[in-house]
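Biologist: Please show the model. I will then go through it with a few questions.

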Amino acid sequence: MRPQDILMPVPAGLCCKPGGFHIDPVRPVERALITHGHSDHARPGHGAVLATQETLDMMRLRYGDDFAGSTQAIAYGEEIRLGDVTVSFHPAGHVLGSAQIAVTCKDTRIVASGDYKDARDPTCAPFELVPCDVFITEATFGLPVFRHGDAAGEVSKLLASVKLFPERAHLVGAYSLGKAQRVIALLREAGYDAPIYLHGAMEKITYYYQERGIPLGELRPARGVKKADLAGTITLAPPSATSDVWTRRFPDPVTAFASGWMRVRARARQGGVELPLVISDHADWDGLTATIAATGAGEIWVTHGQEDALVHWCKTKGLAARPLDLVGYGDEDEGETAALTGEANGGETTA
Amino acid sequence: MNRFAELLDRLAYEPGRNNKIKLLVAYFRDTEDPDRGYALAALTGALSFKHAKPGLIRDLITERADPVLFGYSYDYVGDLSETVALMWPKAELPGHNNPPPPTLTDVVTTLRTLGKAELPAQLARWLDELDETGRWALLKLVTGAMRIGISARLAKTAAAALGDKDPHEIELMWPGLSPPYLDLFAWLEGRGDKPVNRDPTPFRPVMLAHAIEDSDFANLDAADFSAEWKWDGIRVQAVSGRDERGHIQARLYSRTGEDITGSFPDLAPSLHLPGAIDGELLVLRDGRVQTFNVLQQRLNRKVVSPKLIKEFPIHLRAYDLLGDDETDLRELPFTERRAHLERFVAKLDDPRIDLSPTVPFASWDELAAARADPKSAGAGDDADAVEGVMLKRRDAPYLPGRPKGPWWKWKRDPHIIDAVLMYAQRGHGKRSSYYSDYTFGVWTSGENGGDELVPVGKAYFGFTDEELLQIDRFVRRNTTEKFGPVRHVVHEPDQGLVLEVAFEGLQRSPRHKSGVAMRFPRISRLRWDKPPREADRLETLERLLMSMTGN
């Protein structure tokens, strides 16, 4: 069987005909397999959803109890037979509960990796390498200019700034699922033990991380705290909020932003970021290329991001590669990007 | 180098002046000699070596990396130095003894003597040794394209802050100092004597005036002040002195201390007596002072051609005398300095240099009348180049900076138009959550017969904090479209916000769709009471332009 007979892109997303399901569908389908909880991959309204327990929980937090007709949790490494194929979920290292989905049909195995990173992250299981014939990779940071470096170094940059400007508040823009908790965990690892403040939109998901046993130290809502008391503190907020009227409650805030995009100055400056922190939940160029090589896959399908450069690289290494035209992904990062240039998530959050 | 790179990186993102100073002071405090001295030199533009061309950088990267991937990357990043800094693949160095990254001192001293042929290999070695930020700073430094929003003045102010000194003191001694400024830092840290400036033509920090408000007059006695015209040219300081061999050297400085002698070679021979004149640079044709618009055509030219010199004859109108030969006059009261100045200008006896005449007055009302009509109050045909009047306390010494009280500027009333708010953009720094940059327009006949608004300018100050809040609220509630940081604000005949805009002058400008550009526009009032249809028309501005240029 040819790989494209097992998985093929259709308008609803990546479709597995022999298994009767879609992976991360962007439209409501009968049966969906979801890689992780970010809103561009995990959408409500499907008939049946198969995902890790954490991903199901996050969807419930976001969309309410009836986000799908029925749900089934699958553990990492567990194998499930669906139609003519066998599927298994493996840690993707992207956010809590994120998974790569391996689809095996006869002797052909395709791994749809969703979003992934091979860098260390204290808030989720580390990326697992799954040998395969076809590897479907993201390309969010698919240019050699993207090398994220050591996230701990970026966090020490933040702490140095807090020390230098004790009279100012530090606002860290970070995506509310995954990035925010990772930044908090890294701050704790760096020995920062003061309370960390949260924008209202961060609270639910961050407390969920704590429930799952991820130590994040003392957290407080920023809501209702006196302006003067926020001097010298660190607050995590969704990127859109850091340039919003919401920031006026903080004393002379330093605007930081944790994102892989911060590697490029023009991107950082565009949004008035004063302290760019290169901390990403996606693999950087070295991570992408190393992972592709390590899977042993002879064929690479490249989706959402800088496909051209990565496809070019694969070809220079003698790998068959093509861009996979899937639409609707990368919104999570587009959200970050849009926030840089002004508005995201519908404008004025006052939470 | 990495520490310096970190500083540049942070400065490039920091919008606030005081915060920039804080970052600089921390760097100067924590960094050793001579690195910090070379950093100060880099920030003040005092380093000199041959800059590397962009082509050289491009060759370096395409030798090292896949040109196709470089192409994609450069397209995405948009800046050559940054692209190369980010994607530079480090060479696999043999063995485990990686050399330490170069210090700023290594880089600066090596570049000073390095031959052109050796440059590429040396750059490649440094790029291998540095991290991303270090590579970026290195490439910015060697290509001579720092542009990180730091003025030389700000860097010196930060150095002064390190030793709790007045920045003017550094400004005074600066021409006598050279990188890496070991003597300067020793003095700042209390380890050495104050460096002496042996420069025969030092810059002296300039004294500036506050704008006077109507309410100020009640507390001021007209008899205490002397008045003169405020000429609309460029404030300069013309300094002459004798070098070690007794020859006269002349320097022309801008009010910030920048040496602009080279742009005015026609003035230098006139400065043939040792002394320091505070004055205004003007263009005079047939004895008549030209407007700022004319003077502007002589400024910022790379080449000062004989034709330019002939068409725009330069002139110095003297306001004050700060030094007469070796004597420092700055401590003397204004009236005494003025007497010195009158004698000095008479002795110079040069057609290119004359006295700024005083405006006689016995009461504020009399001065108000003169200000309203400079032509009949003594300025005559030069009245168009008068911006207003300057008031100087007769007993005041010459003080650096902008002390409140001794000097006042009383400008002529600005031009005023009513314009309609069209677009708003977020501000920077403290204002980053406010829409504080406004593009405004006036009515003109559109192509389809009806009236339409055409943008005529941008303003981002003039309003009070309270007014800013009001406009911000209006912008947020009346946005019709969003383009990144820019919002289109409703501007219909019956819907929209009319802004009263004050400005100092008008110029033709082919770069603006309206064909006119304003000088120094600011929001003077919010006209909530006025419907946009009653705002001014472009024809009003065009008429004004005609009357200003007189043709």
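Biologist: In which sense do strand E15 and strand E16 of chain B pair?

Modeller: This is a predicted model in which local features need pLDDT of at least 70 and side-chain atom pairs count only at pLDDT 80 or more, while totals for chains, interfaces and linings use all residues. Residues are numbered from 1 along each chain as its sequence is written, chains are lettered from A and ligands numbered from 1 in the order in which they are written, and side-chain values use heavy atoms, with hydrogens and water left out. Strands (E, at least two residues) and helices (H or I, at least four) are DSSP runs numbered from the N terminus, and two strands pair if DSSP finds at least two bridges between them. Four bridges link E15(B), residues 479–483, to E16(B), residues 486–489, and the sense is antiparallel.

Biologist: Which residue in the turn of the hairpin formed by E15(B) and E16(B) has a positive phi?

Modeller: Within this hairpin, Thr479(B) has Val489(B) in E16(B) as its bridge partner. Two residues lie between the strands, and the one in the turn with a positive phi, about 55 degrees, is Gly484(B).

Biologist: Which residue that is not a glycine has a positive phi in chain A?

Modeller: The place to look is the loop between strand E9 (99–105) and strand E10 (108–112) of chain A. The residue there has a phi of about 55 degrees, and it is Lys106(A).

Biologist: What is the strand order in the six-stranded sheet of chain A, and which strands stand at the edges?

Modeller: The sheet is open, its pairing is parallel, and the order is E14-E13-E15-E12-E16-E17. Two strands each have a single partner strand, so one side of each is left without a neighbour in the sheet: they are E14(A), residues 219–221, and E17(A).

Biologist: Which residue in E17(A) stands opposite Ala258(A)?

Modeller: E16(A) and E17(A) pair in the parallel sense over three bridges. Opposite Ala258(A) in E17(A) stands Leu277(A).

Biologist: At what angle does helix H3(A) run to E17(A)?

Modeller: Axes are lines fitted to C-alpha atoms, for helices over the stretch in contact (heavy atoms within 4.5 Å). Angles run from 0 to 180 degrees between N-to-C directions. H3(A) lies across E12, E15, E16 and E17 of chain A, and its angle to E17(A) is about 155 degrees.

Biologist: What is the strand order of the four-stranded sheet in chain B, and which residue is the bridge partner of His210(B)?

Modeller: This open sheet has mixed pairing and the order E1-E11-E10-E2. E1(B) and E11(B), residues 407–411, run parallel and are joined by two bridges. In E11(B), the partner of His210(B) is Trp408(B).

Biologist: Which helix lies across E2, E10 and E11 of chain B at about 50 degrees to E11(B)?

Modeller: The helix in question spans residues 364–372 of chain B. Its name is H16(B).

Biologist: How much area do chain A and chain B bury between them?

Modeller: The contact takes 42 residues from chain A and 40 residues from chain B. Buried area is the accessible area (1.4 Å probe) that two parts lose on being put together, summed over both. Carbon and sulfur atoms carry 51% of it, and the value is about 3,500 Å².

Biologist: How many salt bridges cross the interface of chain A and chain B?

Modeller: A salt bridge is a side-chain nitrogen of Lys or Arg within 4 Å of a carboxyl oxygen of Asp or Glu. One pair is Arg265(A) with Asp9(B), at 2.8 Å from N to O. The structure holds 52 salt bridges over all chains, and across this interface the count is six.

Biologist: Which residue of chain B forms a salt bridge with Arg248(A)?

Modeller: Arg248(A) lies in the loop between strand E15 (234–237) and strand E16 (254–258) of chain A, and its partner belongs to helix H18 (465–477) of chain B. The N to O distance is 2.8 Å, and the partner is Asp472(B).

Biologist: Where is Pro180(B), and what is the omega of the peptide bond that leads to it from Pro179(B)?

Modeller: Pro180(B) is in the loop between helix H11 (167–173) and helix H12 (182–188) of chain B. The bond from Pro179(B) is cis, with omega near 5 degrees.
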